[in-house]
Amino acid sequence: MHSNHLLLEEPIRMASILEPSKSSFFPAMTKIVGTLGPKSRSVDTISGCLKAGMSVARFDFSWGESEYHQETLENLKMAVKSTKKLCAVMLDTVGPELQVVNKVEKSISLEADKTVIMTPYQGQEASSEVLPINFDGLAKAVKSGDTIFVGHYLFTGSETTSVWLEVESVKGDDVVCKIKNSATLAGSMFTLHVCQVRIEMPTLSEKDKEVISTWGVKNKIDFLSLSYTRHAEDVREARDYLSKLGDLSQTQIFAKIENIEGLTHFDEILQEADGIILSRGNLGIDLPPEKVFLFQKAAVYKCNMAGKPAVVTRVVDSMTDNLRPTRAEATDVANAVLDGSDAILLGAETLRGLYPVETISIVGKICAEAEKVFNQDMYFKKTVKYVGEPMTHLESIASSAVRAAIKVKASVIICFTSSGRAARLIAKYRPTMPVLSVVIPRLKTNQLRWSFSGAFEARQSLIVRGLFPMLADPRHPAESTSATNESVLKVALDHGKSAGVIKSHDRVVVCQKVGDASVVKIIELED
């Protein structure tokens, strides 16, 4: 897997760029989150997405009813069974999202330099003169000169389907705007974004709570994507809400940073959240274009050092309608990987795009190529320096396992873990080889019945770069006699062999607990 590891800092033979990429069981170390919707909800298409490399399925509740998403999820379960590929579930909340309500769904043409009125009275029909919206506090929030952006759900930024408006005046609850570019809005719903203005709406709306407590609980969601996270308090409130919902106390919260307010409080949010989603669509509107890359690099670096997954969105928008990404998009995906992103999130590209499977496949290939030239050595030194001394016990074991694996050119690191923490720490040091995290189930009780933990922990590593989970047999505890450990290890090695990442005579680094001690050992495989 790493004999072909090149470094951009060293001269690359140009001809070597043309060598075909070898396909492997894991399309890439970087994970792909796919949003399932109208164009990607049949069992066949979802199976194709899983085979192409999707490991997390995102359900976006900004549109569609719970029953619709439930049907899609049932299809996902069938696809998981038939492909034997694990997939985690992410529920994306609506949050304080402003929307233009177009009940009759007819196209609305807006002409540059004319005016249009935004009104909170949703009974009115949307037209070229009036746009009803789902929020009655807009008039209080904006002032003359503010910029408002209205576009089809998920901004494409392409100016024929999105419109820039400038606030001219406020009349009672209505906001009068000047249209800056001609555009045609089509569909039932368009998102509205007011640049750099705080919208007084709760981050977790009543609708969100209802969806989480019904659909979320029923389906034991692995991740909650918290839209428009603006403060650390937003994450704390969501966590407090989840903690009262049985199994959902284990759900991980990913804070979605979508505006200047979230950016300003980024450090506190990162401390509270389990991971971060950089929503570049909205951020690209709130931030000047020349600042977008800077925020991405700074945010991903902070996530890397904290050992929390960083997910980047809006990478291959043009593939919504085309079979190939643009050159800029292909480079953008690679740069996201080189910056240190854990996962790439596809929205419109898979939700309503014409080529969901091809999109995942191409993004996976670009990620795999970028990983070959990722400067692991520099990254490792940077992370060790950032962590400082004295290191914690676990951090020291994790970094030692990665260093050992690289020095002996191991083909894989196998880590026994019950909470998933040890495996995530190993992944934090970005080893060049895959990490098989063998999740050992723990017996737990709620006073009424006994059950095994482990499924959540296994699926939650599906968003972490380089981590590939397998659930061990609960009869084999992780911290016990050497005999049972050997049998679990054998199962893990067999899994690695069948996946094609381990061959005879390979070296493998194993990280496990024996009694109270954590042990890193190197084993060499015979024939």
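Eight bridges join strand β23 (residues 507-514) to β24, and the two run antiparallel. V510 stands opposite K521 in β24. The model is predicted: local features need pLDDT of at least 70, side-chain atom pairs count only at pLDDT 80 or more, and totals for chains, interfaces and linings use all residues. Residues are numbered from 1 along each chain as its sequence is written, and side-chain values use heavy atoms, with hydrogens and water left out.

**Open sheet**

Strands (E, at least two residues) and helices (H or I, at least four residues) are DSSP runs, numbered from the N terminus. Two strands pair if DSSP finds at least two bridges between them. Five strands form an open sheet in the order β22-β19-β18-β23-β24, with mixed pairing. β22 (467-471) and β24 (517-524) stand at the edges with a single partner strand each, so one side of each has no neighbour in the sheet. The twist averages 20° from one strand to the next.

Two helices lie across this sheet. Helix α15 (residues 393-407) lies across β18 (412-417), β23 and β24, running at about 10° to β24. α16 lies across β18, β19 (435-439), β22 and β23, at about 150° to β18. Contact means heavy atoms within 4.5 Å. Axes are lines fitted to C-alpha atoms, for helices over the stretch in contact, and angles run from 0 to 180 degrees between N-to-C directions.

**Barrel**

Eight strands close into a barrel in the order β1-β2-β3-β13-β14-β15-β16-β17, with parallel pairing. The twist averages 25° from one strand to the next. Helix α5 (residues 206-218) packs on the sheet, touching β2 (54-60), β3 (88-92) and β13 (223-226). The direction of α5 makes about 165° with that of β3. Helix α10 (residues 292-306) also packs on the sheet, touching β14 (252-257), β15 (275-278) and β16. The direction of α10 makes about 170° with that of β15.

**Strand pairs**

| Pair | Sense | Bridges |
|---|---|---|
| β16 (residues 310-313) and β17 (residues 343-346) | parallel | three |
| β6 (residues 115-119) and β10 (residues 174-179) | antiparallel | four |
| β6 and β7 (residues 130-132) | parallel | three |

Bridge partners fix the register. V311 has A343 of β17 as its partner. T115 is matched with K178 in β10. I117 is matched with V130 in β7.

**Helix pair**

Helix α2 (residues 43-52) and helix α13 (residues 356-372) pack at an angle of about 5°, with their axes 8 Å apart. That makes α2 roughly parallel to α13; the classes are under 35 degrees for roughly parallel, over 145 for roughly antiparallel, 65 to 115 for roughly perpendicular, and oblique for the rest. T45, G48, C49 and A52 of α2 meet P356, V357, I360 and S361 of α13. By class, the contact has five nonpolar, three polar and no charged residues.

**Cavities**

A cavity is a set of points on a 1 Å grid over the protein atoms alone where a 1.4 Å probe fits but cannot get out; lining residues have an atom within 4 Å of a point. The structure holds three cavities of 30 Å³ or more. The second largest has a volume of about 70 Å³, a volume being the space filled by probe spheres set on the points. N304, G307, K308, P309, D342, Y379, R424, A427, K428, R430 and V464 line the second largest cavity. The largest share of that lining, three residues, comes from helix α16 (residues 421-428). The lining divides into four nonpolar, two polar and five charged residues. Ala, Val, Leu, Ile, Met, Phe, Trp, Tyr, Cys and Pro count as nonpolar, Asp, Glu, Lys and Arg as charged, and the others, Gly among them, as polar.

Methods: On a 1 Å grid over the protein atoms alone, a cavity is a set of points where a 1.4 Å probe fits but cannot get out, and a pocket is an open set with protein on both sides within 12 Å along at least five of seven lines; lining residues have an atom within 4 Å of a point.
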